Amino acid sequence: MGGKVFAVLIVVIALLSAIPIINHTFMGASVTLPEDISTHGKAIDEQLSVTMAEAGISFLAAQLVLGLFVWQFAHRKGGPTKKFPGGATALVIVAFLFVGAEVLALGMVGSKAWATVYFKPASSDAMQVQAQAGQFAFYFRYPGADGKFGSIHPEKIDEGNSNFFGLDPENDIPARDDITSGELVVPANKEIHLMLHAKDVGHSFYVRELRIQQDFVPGLDLSLHFTATKVGKYEIVCTQLCGLGHYNMKSYLNVMSQEDFDKWLKSQSN
Amino acid sequence: MSEMSVHAGPHAAPTSFIRKYVFSLDHKVIGLQYYGLALAAVVTGMVLSWIMRVHLVWPNAPIPGLGWLSKVGAPGGVVTPEYYLQLLTMHGTLMVFFVLTNAPFAAFGNYFLPIQIGAEDMAFPRFNMMSFWTTFVAFCILLSAFFVGDGPPLSGWTGYAPLSAVGADAGPGQGIGQSLWGISIFVFCIASLLGSLNFIATTLDLRTKGMTLSRMPIVTWAWFITSCIALLAFAVLLPACLLLILDRTAGTSFFIPAGLNVADHIQPHQGGSPLLWQHLFWFFGHPEVYIAILPAIGIVSHILICNMRRDMLSHRVIIYCMMAIGFLSYMVWGHHMFLSGMNPFSALVFSFPTLMITIPATIMTLIWLGSLYGSNLRINSASLFCLGFISMFVSGGVSGFFLAQPSIDIYLHATYFVVGHFHMVMGVAAIMGVFAGTYFWFPKMTGRMMNETLGKWHFYLTLIGTYAIFMPFHYLGLAGNVRRYSAFQDDFLVPLIPVHKFITYAALFTGAAQLIFIFNLVHSRFKGSPAPPNPWECTSLEWSTPSSPPPFDNFGGQHPVVHHDPYQYGVKSSTGDYVMQTSPEQTEVAS
């Protein structure tokens, strides 16, 4: 009796658990991923779909076989045991061939998606923006008309006077026309080269719709690049635990048409 | 035979209360002490998770008694968002170190490893006592963080620097609380090093006559392999914690670079690297996952074989798989750091060994399933938890497919998908192994049987409950729900609140179901029916002891002699369908 209860239960649990995956894989209904607004995101989403199908099949197959064997072989009244056809050798070969091939294939194809994001540097005409993460806000900086960023002086940071980056416009000419913003405003369909700077502790930059996530590491100047394709406002959240206000550390990615962006930039520089 | 002659033990049975139950040198008492400590830690950790779950969906609900614990963190019992992060840090630390490392490995390993190899005790009984009491001190240090200054630390169980290194400037809990965390883990590492050294020496040196390495049961192998992993892993975390403590207290800069402006203070440090902490931590952290799960794999395989009344298709292959996993576990730590800013090429180097772990894990799963085929499976609480373990191991394992790939990790890193993954595969699966071990070995440890009806109810409710909690976590993650957030105020996460409510109900339900277990444990200890010497008709040496619980020297002054491989089931013998490892009887396969 106990064996049959377990078998039924595990099959029901497996099917219920897999409904969203089955929907995604065979019915075309997307698991609740937000819309992708980047040029590189498609490769990631496809990789995710393939992996979901393979993981879903492995998951269901294993749970159903578990249920089936327990149903069939629990509470037999003694008697000799039967050996699984082929024994351990067959199973080891199957695991090596099929799973080995599967993970290698997944890994290889997935590497391409990773490479498009991380191996290719930003193109030389990408628009440069600097992002600074500090407890518990993001700030963004545009180089202004001269195309050059002023240098950062951590000791000069003065949030009361809106000197979020620690600029020194008195002595540092490139800093004078730098534009600082609390939102990441970018033109659509233009490659953005985002340079990440951490002010205090570790943070992370995550925009779900952009399919981008990257840590800010104090002492390391990292960068990432992306092209947003759809006008709109999207949340930027910090995903690296950074202190008491972590849950509240967010900003917005504001994707505008080139025209609107130019207007915005002009209004900021005045 | 001289090896069967009565001989004096290395230490005499103690008579005083203190030496018998408190500062005992007896590995069995120490095993039970570890079990008790793990139980205290798991209850604390689970209560913390309830508080967090309630806070997530009813952020303004007062929780009785909490206001007393922390006037700042939970004024009037209402959890503040920062207190949520502190509870989360304590939950993770308690569960990973004091539950998942202690229960399947230190508790059961201490109790049964020496008996299963026919030894009277561990190789170094005094070290053994020290390792438990050192762990206990670490536990007290960690819990004391609830009662100091700004309360417990809030940098997560991973304690990422520089948040964990710069001190009180970084916010509440980062002062004394974080120091206590570092010291607690430091002390814990010492205890674990002593413990694993002891396990290794015992396994290699104290095997009784006839107990060759290949005759050791799977679970003995699992503890042995785990102790080898633990010896290397904790040996790295120990100095990492020391460096962290020095950064915090002695003005060194191992993990803190120059020019940090924390809370308007330029930090007086330069030259350190936050990534160094991450490398050291995860060099320990990933093998730690296997320190939790390998003993459970061993326990489950051992119990399943007994209840299937047959050996696995090949129990040796499972042992080789555990070795392979242990070996690979040292090459994959970077998969926790795909987005940390380390060289993007290294992500691929870490990704492939991670994917390769799927192969031994799949082989084990196929062997378990293939061995169930055609078996004479007995259903009892212990075997049900073994089957639950297999199910959970698969469910938590397949989500590893996703996270092992850096391209997908870009999206899923730091979301609930990761939380669902590791809770299933190293949390719930390992705990299922602990439950299986408890139901199976309780008769040996106490001389009484646990109640089977209650045990089965406990299993079914736990299985349903844990799936209801952790399966939805994956879908939350796919929707982009980030972890370690206390409030879901933004537009994107609001639609997910009903899912979170469901999970909270499931967590309270599952927690309540554990009361059945606690009741069964306590009630059976005093009122359970007396256990026969070998209730499960199992072949290994722990069932050859003259009494339950075994006498002080385990075999009543005798050295057992081993004649067989560990799992002689499905044979014709005078005892039935099995032959004890200690029985000189020759067997023939039942036709």
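**Exercise 1. The contact between the chains**

How many residues does the contact take from chain B, and how many from chain A? Then work out which elements of chain B take part.

*Solution.* A word before we start: this is a predicted model.

Step 1. Chain B gives 90 residues to the contact and chain A gives 86 residues.

Step 2. On the side of chain B that touches chain A, the elements giving two or more residues are helices H4 (81-116), H8, H10 (344-356), H11 (358-372), H12, H13 (406-412) and H15 (452-478), together with strand E1 (261-262).

Step 3. Sorting the residues of that side of chain B by type gives 57 nonpolar, 27 polar and 6 charged.

**Exercise 2. Helix H12 of chain B**

Compare the expected span of H12(B) with the distance between its end C-alpha atoms, then describe how H12(B) packs on H14(B).

*Solution.* Step 1. Helix H12 of chain B covers residues 381-403, which is 23 residues. At 1.5 Å a residue, taken over one less than the number of residues, the helix should span 33 Å. Its end C-alpha atoms lie 33 Å apart, so the two values agree.

Step 2. As for burial, 23 of the 23 residues of H12(B) are buried, so the helix is mostly covered.

Step 3. Helix H14 of chain B takes in residues 416-446, and its axis comes within 8 Å of that of H12(B), with a crossing angle of roughly 160°. An angle over 145 degrees counts as roughly antiparallel, and H12(B) and H14(B) are therefore roughly antiparallel to each other.

Step 4. The crossing of H12(B) past H14(B) is left-handed. The residues of this contact comprise 19 nonpolar, 10 polar and no charged.

**Exercise 3. A second helix pair, and one residue on it**

Decide how H8(B) and H9(B) run relative to each other, then place B:Met308.

*Solution.* Step 1. H8 (residues 274-308) and H9 (residues 315-328) of chain B pack at about 175°, and their axes are 11 Å apart. That angle makes H8(B) roughly antiparallel to H9(B).

Step 2. H8(B) makes the contact through B:Tyr290, B:Leu294, B:Ile297, B:Ser301 and B:Ile305, while H9(B) uses B:His315, B:Ile318, B:Met322, B:Ile325 and B:Gly326. By type, these residues are 7 nonpolar, 3 polar and no charged.

Step 3. B:Met308 belongs to H8 of chain B. Because B:Met308 has 26 C-beta neighbours inside 10 Å, this residue counts as buried.

Step 4. Leaving out residues up to four places away in sequence, B:Met308 touches B:Ser371, B:Leu372, B:Ser375, B:Asn376 and B:Leu377.

**Exercise 4. Backbone details**

Where do B:Asp264 and B:Glu537, two residues with a positive phi, sit, and are they exposed or partly exposed? Find the residues joined by cis peptide bonds as well.

*Solution.* Step 1. Most residues other than glycine have a negative phi, and most peptide bonds are trans.

Step 2. B:Asp264 has a phi near 65° and sits in the loop between E1 and strand E2 (265-266) of chain B. B:Asp264 is exposed, because 12 other C-beta atoms lie within 10 Å.

Step 3. B:Glu537 has a phi of about 55° and sits in the loop between helix H16 (497-527) and strand E3 (568-573) of chain B. With 17 C-beta neighbours inside 10 Å, B:Glu537 counts as partly exposed.

Step 4. A cis peptide bond with omega about -5° joins A:Gln135 and A:Phe136; A:Phe136 lies in the loop between strands E1 (127-134) and E2 (137-142) of chain A. Another cis bond, with omega about 5°, joins B:Ala161 and B:Pro162; B:Pro162 lies in the loop between helices H5 (125-144) and H6 (176-205) of chain B.

Terms used
Residues numbered from 1 in each chain as written. Chains lettered and ligands numbered in written order. Predicted model: local features only at pLDDT ≥ 70, side-chain atom pairs only at ≥ 80, totals over all residues. Axes fitted to C-alpha atoms, helices over the stretch in contact; angles between N-to-C directions. Helix = DSSP H or I, 4+ residues; strand = E, 2+ residues; numbered from the N terminus. Parallel < 35°, antiparallel > 145°, perpendicular 65-115°, else oblique. Contact = placed C-beta atoms within 7 Å. Nonpolar A, V, L, I, M, F, W, Y, C, P; charged D, E, K, R; others polar. Buried ≥ 20, exposed ≤ 12 C-beta atoms within 10 Å, placed from the backbone. Left-handed = near helix turned anticlockwise from the far one by under 90°.
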